[in-house]
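Reader: Hi, I have a structure open and I would like to go through some of its strands and helices with you. Could you take me through them slowly?

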Amino acid sequence: MNLSSIRLEHLGNFSLRWMSHRFHRETSLGRPYVFQVELTNFCNLKCPMCPHDLMTREVGYMDFGLFEDIVAQVKGTNPDLRLHHMGESLFHKDIGKFIRHANDNQLATILSTNATTLTDSKIQELIDARLSWLYISFDGASADTYERFRKGAHYERERAKVEKLLRMRQLAGSKLPQVLMSCLSLPGTRAEVEEFRAYWYPRVEAVRIKPADGWDGSSERINGIVAESQYPVGDSVCSWPWQSMVVLWDGRVVPCCFDYDGKYVLGDLRRKSLAEIFNDEPMKELRRLLRERRAEEVSLCRTCPRGHAGVDERA
């Protein structure tokens, strides 16, 4: 299959999923887009706007055999794979192997990191594996701001690691990984946004000032931090259950990236395929409840503002 036919397949599949959401069908016409694959849920930081410390599920690392199975199922459906969810994926000992396998199957690879794990050997591994994009979460343009939100990280040290990555990439004569520097827009970071942009724009491929979110809205601590910075919520039914899924490190599948604790498990890849899980009864029930404005009956959605968005006349 050539690249042109792959792109057409992606577009056609997206259109089918979009129509399924538009008309609130319980069964989606398209194949699922896997938004994130969690290689591990271990993280070394304790950021106050993140619910990682509230997570009760077991910490672990994805088996390569399971990853091979995921890649085989998403070829032709996914244009890319985001190799992260609730952990720092660079702690996975086989990170380069995972990236190379996805690339070999014509999947662009995206990885999000807090930069603390960017040792020389890890940087070289990412360059050699030809990671497509590295998203670096770096909230602030000063030590005081950055270290207030990135608990356990050190501003000057982590910034030096990012700059070392850029130098090593140049020395290797490579354009990969492309680097996106991301800063959350929070009351505590907003005053430094322009300084952040000015520093990083000349150095990396992309800079993103990202609206904060309260995840599933269940944490008063996180809601208090991000209340003024939330993503805007539209007036239509949340599209996630019609569009995509997230695979946890142990093979369980959840509806969206806001499910940090496996609150609404749709199925298990060790027992069913992604296509089966995408239109199995748990997912159809979720679509039905959201369509009928009964989000309060779903443990994941009852406190999430997206779950309580309005619906149009067809509902």
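Author: Gladly, and please keep in mind that this is a predicted model. A good place to begin is leucine 111, which stands opposite leucine 134 in strand S4.

Reader: Okay, and how does the chain get from S3 to S4, and what is the handedness of that crossover?

Author: After leaving S3, the chain runs through helix H4, residues 120-129, before it reaches S4, and this β-α-β crossover is right-handed. The two strands themselves, S3 at residues 108-113 and S4, pair in the parallel sense over 4 bridges.

Reader: Is S4 mostly covered or mostly open?

Author: S4, which spans residues 133-137, is mostly covered, since 4 of its 5 residues are buried.

Reader: And which residue stands opposite isoleucine 136?

Author: That is methionine 181 in S5. Strand S5 covers residues 178-185, and it pairs with S4 in the parallel sense over 5 bridges.

Reader: Switching to helices now, at what angle do the axes of H2 and H3 cross?

Author: The axes of H2, residues 64-74, and H3, residues 95-104, cross at roughly 20° and come within 10 Å. Angles under 35 degrees count as roughly parallel, and H2 and H3 are therefore roughly parallel to each other. As for handedness, H2 passes H3 in a right-handed crossing.

Reader: Which residues in H2 and H3 meet there?

Author: On the H2 side they are Phe64, Phe67, Glu68 and Val71, and these meet Lys97, Phe98, His101 and Ala102 in H3.

Note on methods:
Residues are numbered from 1 along each chain as its sequence is written. This is a predicted model: local features need pLDDT of at least 70, side-chain atom pairs count only at pLDDT 80 or more; totals for chains, interfaces and linings use all residues. Side-chain values use heavy atoms; hydrogens and water are left out. Buried means under 20% relative accessible area, exposed over 50%, partly exposed in between (1.4 Å probe, protein chains only). Two strands pair if DSSP finds at least two bridges between them. A crossover is right-handed if, with the strands pointing away from the viewer, the path from the first strand over the helix to the second runs clockwise. Axes are lines fitted to C-alpha atoms, for helices over the stretch in contact, and angles run from 0 to 180 degrees between N-to-C directions. Angles under 35 degrees count as roughly parallel, over 145 as roughly antiparallel, 65 to 115 as roughly perpendicular and the rest as oblique. A crossing is left-handed if the near helix is turned anticlockwise from the far one by less than a right angle, and right-handed if clockwise. Contact means heavy atoms within 4.5 Å.
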